[in-house]
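User: I have a chain in front of me and would like to learn how to read its features. Can we start with one residue and work outwards?

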Amino acid sequence: MEILVTGGAGFIGSHTCLELIKANYKIIVVDNLSNSSTESLQRVEELTNGQITFYECDLLDRKSLVEVFEHHEIKAVIHFAGLKAVGESVSIPLHYYHNNITGTLVLCDVMQQFEVKKLVFSSSATVYGIPEQVPINERFPLSATNPYGRTKLMIEEILRDLVTSDPEWSIALLRYFNPIGAHESGMIGESPNGIPNNLMPYITQVAVGRLGNLNIYGSDYPTSDGTGVRDYIHVVDLALGHLKALEKVLLTTGVDAYNLGTGKGHTVLEMVETFEKVSKKRIPYNIVERRPGDVAMCYADPSKAKKELGWIATRGIEEMCKDSWRWQSNNPNGYKNHTYSSESGIQFRLISRKH
């Protein structure tokens, strides 16, 4: 069975491709490589002894996407592709709205053209805005505090409208909390461009000497140590959540949302201390002012995913920190300037240009 993975060369996408191959799915990846590398897919092939067919393709290029569908018997799509930096989205909102929303519209239109109506969508806990209480369940009111979050919220509404218009569609909306960690092999992990936006890659880059120190935003929150509490989930657990969601959409119709988190909150300082413990590296940090829009506590109620998808996160924060450090210490510069090459070799497929 052929599954199309958009944005499959990225952090979460590559880990999901690995788990899909292990589950005997045939993988087609489209990615424009704006914030990813085919190196991740080469390593997935090496780890699985599998093969990935890859197209360098932007979802905004409808003609190219049509040609991908013409070449394959695609049964379902897992949709990761999109811009994802909250701060950047505030600076260039039109770019985010155009890329994330228009790209999804093009994808769904092409899927509809080819009668492919099974979709797993990469959403985000940012659709909850500033929650009034925790844990957060899927019935909470939805809002967003930045353009990135609003693109996810708008896409969720678009996909709900799509199912209303055509009940043959089956869509899972997966609302991630804070993905960290890496594959236990240390061969694939998070390799952000520029200064990391998220806590764990920032910590690991300090540990490996690429950054001088960590900034912690606020120490006066009403939490156990004054720093913000978040729900950190291992990226492999997250990838397995996509497999469970895929199994469901292949067998059902309709649309539903699921939180993918551990249901446990940890403070920033707790994560720093745990990382120092497992890595034996000191992480110097500065306490700076709170960021606008940050909340004191944010963690999931994941019981719906357990009940309806049969999924639960099993990896704790020590394992998350160990795997993050193993990845970064083995790959101090991420995928950049790395000489690793796969023996099996990705099938790089070029889009034919018809004039």
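Analyst: Start with arginine 160, which lies in helix α6 (residues 147-165). Helices are DSSP runs of H or I with at least four residues, strands are runs of E with at least two, and both are numbered from the N terminus. This is a predicted model: local features need pLDDT of at least 70, side-chain atom pairs count only at pLDDT 80 or more, and totals for chains, interfaces and linings use all residues. Residues are numbered from 1 along each chain as its sequence is written, and side-chain values use heavy atoms, with hydrogens and water left out.

User: How is arginine 160 classed by accessibility?

Analyst: The classes are set by relative accessible area: buried is under 20%, exposed is over 50%, and partly exposed is in between (1.4 Å probe, protein chains only). Arginine 160 has 26% relative accessibility, so it counts as partly exposed.

User: What does arginine 160 touch?

Analyst: Contact means heavy atoms within 4.5 Å. Not counting residues up to four places away in sequence, arginine 160 touches Leu173, Arg175, Val255 and Ala257. For a C-alpha distance, take cysteine 108: arginine 160 is 52 residues from it in sequence and 12 Å in space.

User: Which strands does β2 pair with?

Analyst: Two strands pair if DSSP finds at least two bridges between them. β2 (residues 26-31) runs parallel to β1 (residues 2-6), joined by five bridges. Valine 5 stands opposite valine 29 in β2. The chain gets from β1 to β2 through helix α1 (residues 11-22), in a right-handed β-α-β crossover. Right-handed means that, with the strands pointing away from the viewer, the path from the first strand over the helix to the second runs clockwise. β2 also pairs with β3 (residues 52-56), in the parallel sense over five bridges. There, valine 30 stands opposite tyrosine 55. Helix α2 (residues 38-48) carries the chain from β2 to β3, and this β-α-β crossover is right-handed.

User: Is β2 mostly covered or mostly open?

Analyst: Mostly covered: five of the six residues of β2 are buried. As background, side chains in a regular strand alternate between the two faces of the sheet.

User: Where does β2 meet the nonpolar cores?

Analyst: A nonpolar core is a set of buried Ala, Val, Leu, Ile, Met, Phe, Trp, Tyr and Cys residues joined through side-chain atoms within 4.5 Å. The largest has 41 residues, and Ile27 and Val29 are among those that touch the most other members. Helix α8 (residues 235-251) gives this core its largest share, seven residues. A second, separate core of 29 residues includes Ile28 and Tyr55. Leaving aside neighbours within four places in sequence, isoleucine 27 is in contact with Ile3, Val5, Cys17, Leu20, Ile21, Ile52 and Thr53.

User: What is the order of the open sheet of three strands?

Analyst: The order is β12-β9-β14, with mixed pairing. β12 (266-267) and β14 (297-298) each have a single partner strand, so one side of each lacks a neighbour in the sheet. Two bridges join β9 (residues 229-230) to β14 in parallel. Valine 229 has methionine 297 as its bridge partner.

User: How compact is the protein chain?

Analyst: Compare its radius of gyration, taken over C-alpha atoms, with the globule rule: 2.2 Å times the number of residues to the power 0.38. The radius is 20 Å, close to the 20 Å the rule gives for 355 residues, so the chain is as compact as a globular protein of that length. Buried residues make up 55% of the chain.
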